[in-house]
Amino acid sequence: MSPSKPAPRNINLHPPNHTPKSLTETTFDVIVLGSGPVGRTLAAQTSASGLSSIIIEAELYGGDCPFWACVPSKALLRPAETLSASRQISGAKELVASVPPATVDVQGVFARRDAFTHGWDDQVILDISLSQGCTVVRGWGELLDERKVTVKNVNGEEAVLTANHAVVLATGSDPILPDIPGLKDVPFWTPREATSADQVPQHLIIIGAGPVGTEMASVYAGYGGRVTLLSASADILPGQEPQASRLVREALEDAKVDVRVSAGVIKVQKNTDDSVTVVCSDGSTVTGSTLLVATGRTPRTKGIGLERLKISPNLEVNGNLVVTGVEGNWLYAIGDINGLSPTTHMGAYQARITANAIVARAKSSAAKVLDASPWSAFSNTADEKAVSHVIFTDPNIAQVGLTMAEAKRRGIKVKAVEAEFQFPGAWLHAESNYYKGWANWVVDVEKNTLVGATFVGREAADLVHASTVAIVGELPIDRLRHAVPPFPTVSEIYTALFAAL
Ligand SMILES: Cc1cc2nc3c(=O)[nH]c(=O)nc-3n(C[C@H](O)[C@H](O)[C@H](O)COP(=O)(O)OP(=O)(O)OC[C@H]3O[C@@H](n4cnc5c(N)ncnc54)[C@H](O)[C@@H]3O)c2cc1C
Ligand SMILES: NC(=O)c1ccc[n+]([C@@H]2O[C@H](COP(=O)([O-])OP(=O)(O)OC[C@H]3O[C@@H](n4cnc5c(N)ncnc54)[C@H](O)[C@@H]3O)[C@@H](O)[C@H]2O)c1
C-alpha cells in the first residue's frame, strides 16, 4: 500500500468503517479508485443508471476538494473579501472602522472553515454516496490485471474486486515538491497545511504564485499576516491574460503582500531561531516564520498498478477518457490524474461524459462504437475548447476558453476586445473605486465567434458562465447584441464588450 501522507492537526485520515472484510460481494459493474468529486460524480451516475458501483478510498472519503482544497480555501477567503468590500462602501465603512479592533475575528474565520469541512469528518459525504446506491470500501486500490483490482487497508485487510464493465482511475494529484537544496531539511506547508491551519503565521513565505500561492497570499494577508509571494516567472499567475495577472498583483501589493517576480527559489535553510530563509535566483533573500510550497501538482499515478498492465505513468486518454493503449474500453482515467483540466468542475464534467460512455457500452453491444464527434454526449470537447476556471483572489479572475496568447499559438486568427468596469451597474453597486475591473473577449475573426473570455473584478466569478455558453454554442458575435443584461448589474460588462468590438 502506498504510504499515507501525514495529516495536519492530528486529523484521522483512516476512519475504521467500510473495511475490505465487510464487503458482502466482490464483483461490481464499475470499480472507481478515488472518492474525490470526480470519482463520486461518476459512481453516482453509473449507479443511478442501474450499474452496481463501488468506490475505493484510501484516506478521507470525499477527496481533496472538500477537505484540503476548494472548500476550505474558499471558506477562508470569503470573510476577508466581504470585509474588504464593506470598507469601501459609505454607510458601512464607518461601522467597520468604528469597531475596535477593526479587523475580522480570525478564530471565527477558522471556525467557519471548520464547519464547512465538518471538522475533517467524512461521514456526511460518505452518506451521500451510500444514499446514491454506491458501495464504499476504505483502503488503497491497485490494478491487478484486466478488470481486477486489489484493495488493502492500513491494517493489512485485503480484498480482490472484479469489474464487469469498467475500472475508473480518479486518484487525483499530489503537490509537486521541487528539488530545491535544503527544502527537505526544513518544515514547510503544502496546500494541506495552508487550508487546515488554525493560526495566521507571523510571516508566511510562499514559493509559487499560481492559483494556490495567490489565493493563500490573499487569505493570510487578509487576516493580518505578513506575506511574501515568490514567483519564478516575470509576473504572477503565468498563463492568465497579462492584464489579469497585473490587476491581481496590484491588489495583493495594496494588501501589503511583498510580491517578488523573476524570483525562483534556489535554496532554503532553517535558522537557529526556527525561522526559514529562502534564497532567490536574483540573489535576494527573505526570512520568515513559515514556508508554503505551492509549485504545482502532479497526477497521482504511483502505486496504482499501472506497470502491471504496461501503462506509462504519464498516461493519456482518448476523447471519452479511455486510457490510450488499453484494449477493450474498460479502463478510464478522469479528473486530476489525467492532467487535462485539473479543477473540480472540469473533472466532474469528465465524469459525466465517462459515465455516459460506460453506461452506453454496458447496456448495448451496438453502442461499443460511440459517437466521437465534437460535442457528442461521449466526447470531452470542453476540455479542448471551453475550460473554465476562477481564481478566487480579490479581485477574482474568471476565465474560459483560450487566452489571446494561446489562441495565437494555435494559429487561430483572433482579435482582442477589452473593456473596463466603468458603467452604472458596476459603480451603483457601491462607489467609484469599488468595482475596479477589466474584461476581454478573444474573438475568432474568421468564424465571428467567441473562443475565450476573461473577467477580472470583485465577485467576477459568476460573470464567466454566459461566455462559456456563447463559446460552447458557437454563438455568432452579432447575435450577442440581443442578449441584454439587466440594469443595474455588473453583467452590463457584456454590453461594454459588445460596444468595444
Ligand atoms: C488549495 C487548492 C484549492 C483549490 N481550489 C479549487 C477551486 O476553488 N475550484 C476548483 O474547481 N478546483 C480547485 N482546486 C483543484 C481541485 O481540488 C481538484 O481539481 C479536485 O480535487 C480533483 O478531484 P479528483 O476527484 O480528481 O481528485 P481528488 O480530489 O484528489 O480525489 C482523489 C481521491 O483518490 C484517493 N486515492 C488516490 N489514490 C488512491 C488509491 N490508489 N486507492 C484509493 N484511493 C485513492 C485520494 O485519497 C483522494 O481522496 C484546488 C486545489 C487546491 C490544491
Ligand atoms: N480556484 C481554483 O480553481 C484553484 C485554486 C487553487 C488551485 N487550483 C488547481 O491546483 C493546481 C495547482 O496550483 P498551483 O498554484 O500549486 O500550481 P501552478 O502550477 O499553477 O503554479 C505554480 C507556480 O510555481 C512556480 N514555481 C515553481 N517552482 C518555483 C520555484 N522554485 N520558485 C518560485 N516559483 C516556482 C511556477 O512557475 C508556477 O507559476 C492548479 O493547476 C489548479 O488547477 C485551482
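Strands here are DSSP runs of E with at least two residues, numbered from the N terminus. The exercises below concern a predicted model.

**Exercise 1. Determine where proline 395 is found and which peptide bond precedes it.**

Solution. Begin with the strands: β17 covers 388–391 and β18 covers 396–401, and proline 395 is found in the loop between them. Next, inspect the bond from aspartate 394 to proline 395: omega is near 10 degrees, and the bond is cis. For context, most peptide bonds are trans.

**Exercise 2. Describe the peptide bond from phenylalanine 487 to proline 488, and place proline 488 in the chain.**

Solution. Omega of the bond from phenylalanine 487 to proline 488 is near -10 degrees, and this bond is cis. Proline 488 lies in a loop that has α14 (464–472) on one side and α15 (493–499) on the other.

**Exercise 3. Decide whether the protein chain agrees with the radius of gyration of a compact globule, and give its overall dimensions.**

Solution. First, take the expectation: for 501 residues, a compact globule would have a radius of gyration near 23 Å. Second, compare: the protein chain has 24 Å, so the value agrees with that of a compact globule. Third, add the dimensions: the C-alpha trace spans about 65 × 65 × 45 Å along its principal axes. The chain holds 15 helices and 21 strands, and 52% of its 501 residues count as buried. Among contacts between residues at least 6 apart in sequence, 66% join residues at least 24 apart.

**Exercise 4. Characterise the surface and the charged side chains of the protein chain.**

Solution. The exposed area is about 22,000 Å², of which carbon and sulfur atoms supply 54%. Turning to charge, there are 43 positive and 51 negative side chains. The centres of these two sets lie 2 Å apart.

**Exercise 5. Establish how β4 and β5 pair, and what joins them.**

Solution. Strand β4 comprises residues 140–145 and strand β5 residues 148–152; their pairing is antiparallel, over five bridges. One of the partnerships sets leucine 143 against valine 149 in β5. The two strands form a hairpin with two residues between them. In the turn, arginine 147 has a positive phi of about 60 degrees.

**Exercise 6. Is valine 30 buried or exposed, and which residues is it in contact with?**

Solution. Locate the residue first: valine 30 belongs to strand β1, residues 27–33. Its relative accessible area is 0%; because this is under 20%, valine 30 counts as buried. Beyond its neighbours within four places in sequence, valine 30 is in contact with Leu42, Thr46, Leu51, Ser52, Ser53, Ile54, Ala166, Val168 and Ile358. As a further separation, aspartate 114 is 84 residues from valine 30 in sequence and 33 Å from it in space, C-alpha to C-alpha.

**Exercise 7. For arginine 9 and glutamate 459, report phi, location and exposure class.**

Solution. Most residues other than glycine have a negative phi. Arginine 9, in the segment before β1, has a positive phi near 55 degrees. Its relative accessibility is 36%, and arginine 9 therefore counts as partly exposed, between the cut-offs of 20% and 50%. Glutamate 459 is found in the loop between β21 (449–457) and α14, and its phi is also positive, near 50 degrees. With a relative accessible area of 42%, glutamate 459 is partly exposed.

Technical notes
Residues numbered from 1 in each chain as written. Chains lettered and ligands numbered in written order. Predicted model: local features only at pLDDT ≥ 70, side-chain atom pairs only at ≥ 80, totals over all residues. Heavy atoms only, no water. Helix = DSSP H or I, 4+ residues; strand = E, 2+ residues; numbered from the N terminus. Rg over C-alpha atoms; globule rule 2.2 N^0.38 Å. Buried < 20%, exposed > 50% of the residue type's maximum accessible area, 1.4 Å probe, protein only. Contact = heavy atoms within 4.5 Å. Areas by Shrake-Rupley, 256 points an atom, 1.4 Å probe, with all protein chains shown as cover. Lys, Arg positive; Asp, Glu negative; His and termini not counted. Charge placed at Lys NZ, Arg CZ, Asp CG, Glu CD. Pairing = 2+ DSSP bridges.
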